[in-house]
Amino acid sequence: MADLKALADAVIKGNQTESVRLTKEALAEKMSPKRILEEGLIAGMGVVGVRFKANEVYIPEVLISARAMKMAMEILEPQLAAAGVDPIGKAIIGTVQGDLHDIGKNLVIMMLKGAGFNVEDIGVDVSPDAFVEKIKASKPQIVGLSALLTTTMPAMDKTIQSIRQAGLNCKIMIGGAPVTQNYADKIGADGYAPDAATAVDVAKSFLN
Amino acid sequence: MVSSMLKRKSLNERVFDAYAQKRRLAVPLVGFPGCDLLGMSIKVAQQNHGVHYDCIDALVNQLRPDAAFMMMDLSVEANALGLQVRFPIHESSTVEYHPVRKVEDLDKFRSINILHDSRIQSYIKTVEMMRMGLPDDVLVGAYIIGPVTLAGLLEGAEQAAMDSVIDPDKLEALCRFSTHIIQEYTRALINAGADLLCILEPTAVILGPSQFERFSAAYVRHIIENYKYAGVDTIYHICGNTMHLIEAMSRSGVAAISLDSPQTGVDMVKAAQLAGPDVVVMGNVNPTAVMKEGTPEQVRTACRSLLEQMREIPNFILSTGCDLPPGVPLENMLAFMQTAREFN
Ligand code: B1M
């Protein structure tokens with residue numbers, strides 16, 4: 001019997017070889033992909049989140065755990081789809097034009113995937129037009145914009161305007177160190193999250 | 001000339017002398033707004049030492065701070081190693097590709113003497129001009145990149161963070177190489193006449209305390225050890241919430257630590273307690289929300305409230321949490337200086 005607790009531990013320790021091996025093992029034993037995701041990967045990432053908030057681990061450990069989860073997710077995702085487990089929502093996320101920071105964005109993406117969202121990462125330095133094109137192509141319910149520079153925050157404003165002008169109907173969430181709820185209100189974003197865990201709550205709130 | 005023959009006062013002595021006279025040293029981290037004053041682009045200033053100096057000189061004339069720094073540029077050392085850098089016109093240049101995958105990839109950089117690089121030379125010349133041209137009572141400050149931040153530019157910051165846990169030998173090799181590069185530049189900046197060397201180590205904020213000690217503070221200690229008789233004082237500047245790193249930063253041998261704004265989570269009073277009485281703490285008026293977006297009155301309120309909080313702490317310099325971005329109104333910078341000068 002595949003050991004989901006060991007899988008959660010592999011994620012906590014950031015051991016990607018183990019997380020991949022145990023995921024494959026569990027699938028080979030015909031364990032339900034949804035259970036592997038929830039009791040293995042998400043459970044592990046949840047522990048990491050709690051330890052991070054308590055200053056027991058720092059960003060390097062979170063990144064390593066996120067990577068171990070990502071590698072396992074790559075194996076699990078097709079199986080989830082095949083098993084008819086629909087993602088709870090679809091999102092695309094990118095860092096806005098002029099901004100190359102992506103560590104925070106990547107963590108947000110991992111947490112959303114962990115929570116059952118189908119997330120497309122559209123990279124860094126994404127222009128307003130490129131956002132619009134990607135939204136037209138992928139039709140997500142949720143669009144995420146990340147910015148780490150005060151100088152690129154106005155690009156969030158422009159991107160939101162372009163999305164609205166194109167008449168695209170999606171909820172927009174923004175985040176990144178210099179961004180505030182005030183700023184989100186000012187530029188007409190539908191939501192703001194100060195960290196990756198809150199980003200999941202905000203994204204879920206959009207679905208209701 | 002005469003002044004340089006007298007024994008130079010250390011930063012610490014200056015700070016304590018000022019406190020005894022009921023004054024505070026005021027050192028905003030400011031460079032780019034000098035471009036606004038002269039109508040110059042950041043791109044020109046970062047590549048033309050005459051313009052660079054003129055921008056700093058214009059700021060000093062207006063503000064009369066206790067120390068003036070060259071412009072902050074985290075790409076200059078990496079650029080000298082040949083990394084791909086973008087040069088926007090009105091923003092700082094920045095490294096856009098991080099080519100190192102394995103330790104052997106460093107070999108191709110080892111024969112490069114970064115002191116022969118044109119932009120490195122331009123910064124050294126700026127410091128020489130600051131030494132000669134600025135008033136005697138304004139300390140000349142130069143910036144150098146920190147070992148973890150340069151390692152992060154070489155291999156990517158996310159990779160460097162992960163390597164601190166999964167491949168510490170690799171990150172150590174990168175930090176050792178970075179330290180070697182930094183030392184070359186440090187020597188030249190000291191020879192050019194810098195009084196203060198500010199080590200910019202923003203990427204290290206993502207490390208935990210023990211990783212920080214191993215990959216950043218240990219190398220900073222080594223650099224300081226090598227130049228301890230050079231008559232230069234060092235400052236450790238890290239942006240973001242550094243509360244978990246204050247002790248390690250303070251024990252690295254630096255004269256001062258420079259901390260980011262309260263909005264990032266930094267508590268200056270607590271930081272000063274953690275740093276102890278022998279290390280100067282600098283900070284931490286918010287460079288954007290207060291200095292750029294605020295009114296002069298809001299700047300005064302923020303400065304006054306910080307000075308009030310730090311009233312009982314002698315080892316404090318009023319500064320900004322980070323480098324002031326372009327577009328900070330002159331009235332706000334004047335309000336900052338005026339509040340510092342009038343407070344007693
Ligand atoms: C969609 O919905 C959401 C919801 C929540 C969202 C979200 C989206 N996005 C983020 N969140 C939220 O959730 C995440 C997880 O909890 C959080 O994400 P964060 O990104 O906040 O947190 C991450 C997990 C960890 N934090 C980080 O990853 C950022 C760390 C710091 C050190 C940082 C890094 C690492 C880098 N940098 Co840069 N960098 C700094 C940062 C300084 C600091 N101390 O914070 C900052 C942001 N950088 C800065 C600067 C100025 C620059 N950087 C630059 C370059 C770089 C590196 C390449 C070296 C590297 C980026 C590596 C990478 N791949 O991302 C340059 C610009 C490049 C560009 N055009 O983008 C350059 C201009 C420096 C230069 N002269 O070269 C400063 C910004 C100042 C400002 N306020 O404008 C800075 C604060 C440091 C500083 N003062 O120098 C939340 O914000």
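## Close-ups of the ligand site, the chain contact and a few local details

**Figure 1. T150(A) puts a polar side-chain atom 2.7 Å from an oxygen atom of the ligand.** Keep in mind for this view and those below that the model is predicted. S146(A) also comes in with its side chain: a polar atom there sits 2.8 Å from a nitrogen atom of the ligand. Chain B joins in through G240(B), where a polar backbone atom is 3.5 Å from a ligand nitrogen. As for secondary structure, helix 5, strand 3 (142–146) and strand 4 (171–175) of chain A are the elements that give two or more residues to the shell around the ligand. Helix 5 of chain A has the largest share, with four residues.

**Figure 2. The ligand's cobalt atom gets a single protein donor, H101(A).** The donor atom is NE2, and it lies 2.2 Å from the metal. If you're tracing the backbone, look for H101(A) in the loop of chain A that links strand 1 (89–95) to helix 5 (103–114). H101(A) is also one of the residues that come nearest to the ligand, along with L100(A), D102(A), T150(A) and C239(B).

**Figure 3. The shell around the ligand is a two-chain affair, with residues from A and B.** Because both chains surround the ligand, the site is shared between them. The shell counts 38 residues. Sorted by class, 22 of these are nonpolar, 13 are polar and three are charged.

**Figure 4. Where chain B meets chain A, 18 residues of B are in contact with 15 of A.** Together the two chains bury about 1,400 Å², and carbon and sulfur atoms account for 69% of that area. On the chain B side, the residues losing the most area to chain A are E158(B), M162(B) and I206(B), which together make up 35% of what that side buries.

**Figure 5. One salt bridge links chain B and chain A.** Its partners are D125(A) and R86(B), whose side chains meet with N and O 3.0 Å apart. What lets such a pair form? Side chains of opposite charge can pair when their charged atoms come close. Beyond the salt bridge count, there are three residue pairs in polar contact between chain B and chain A, with both residues at pLDDT 80 or more. On the side of chain B that touches chain A, helix 10 (157–166) and helix 12 (209–226) of chain B each supply at least two residues. The largest share, seven residues, comes from helix 10 of chain B. By class, this side of chain B has nine nonpolar, five polar and four charged residues.

**Figure 6. R21(A) and E18(A) form a salt bridge inside chain A.** Their closest N and O atoms are 3.0 Å apart. Both residues belong to helix 2 (residues 16–28) of chain A, and they are three residues apart, about one turn of the helix. Over all chains, the structure holds 25 salt bridges.

**Figure 7. The peptide bond from G283(B) to N284(B) is cis.** Omega is near -20 degrees here. N284(B) is part of strand 9 of chain B, which covers residues 280–285. Why give this bond its own panel? Most peptide bonds are trans.

**Figure 8. K22(B) has a positive phi without being a glycine.** The angle is near 60 degrees. K22(B) sits in a loop of chain B, between helix 2 (11–20) and strand 1 (26–27). For context, most residues other than glycine have a negative phi.

Notes:
Residues numbered from 1 in each chain as written. Chains lettered and ligands numbered in written order. Predicted model: local features only at pLDDT ≥ 70, side-chain atom pairs only at ≥ 80, totals over all residues. Heavy atoms only, no water. Donors = N, O, S within 2.8 Å, 3.2 Å for Na, K, Ca; no water. Contact = heavy atoms within 4.5 Å. Buried area = accessible area lost by both parts, 1.4 Å probe. Salt bridge = Lys/Arg side-chain N within 4 Å of Asp/Glu carboxyl O. Polar contact = N/O pair within 3.5 Å; in protein donor to acceptor, adjacent residues only side chain to side chain. Nonpolar A, V, L, I, M, F, W, Y, C, P; charged D, E, K, R; others polar. Near = heavy atom within 4 Å.
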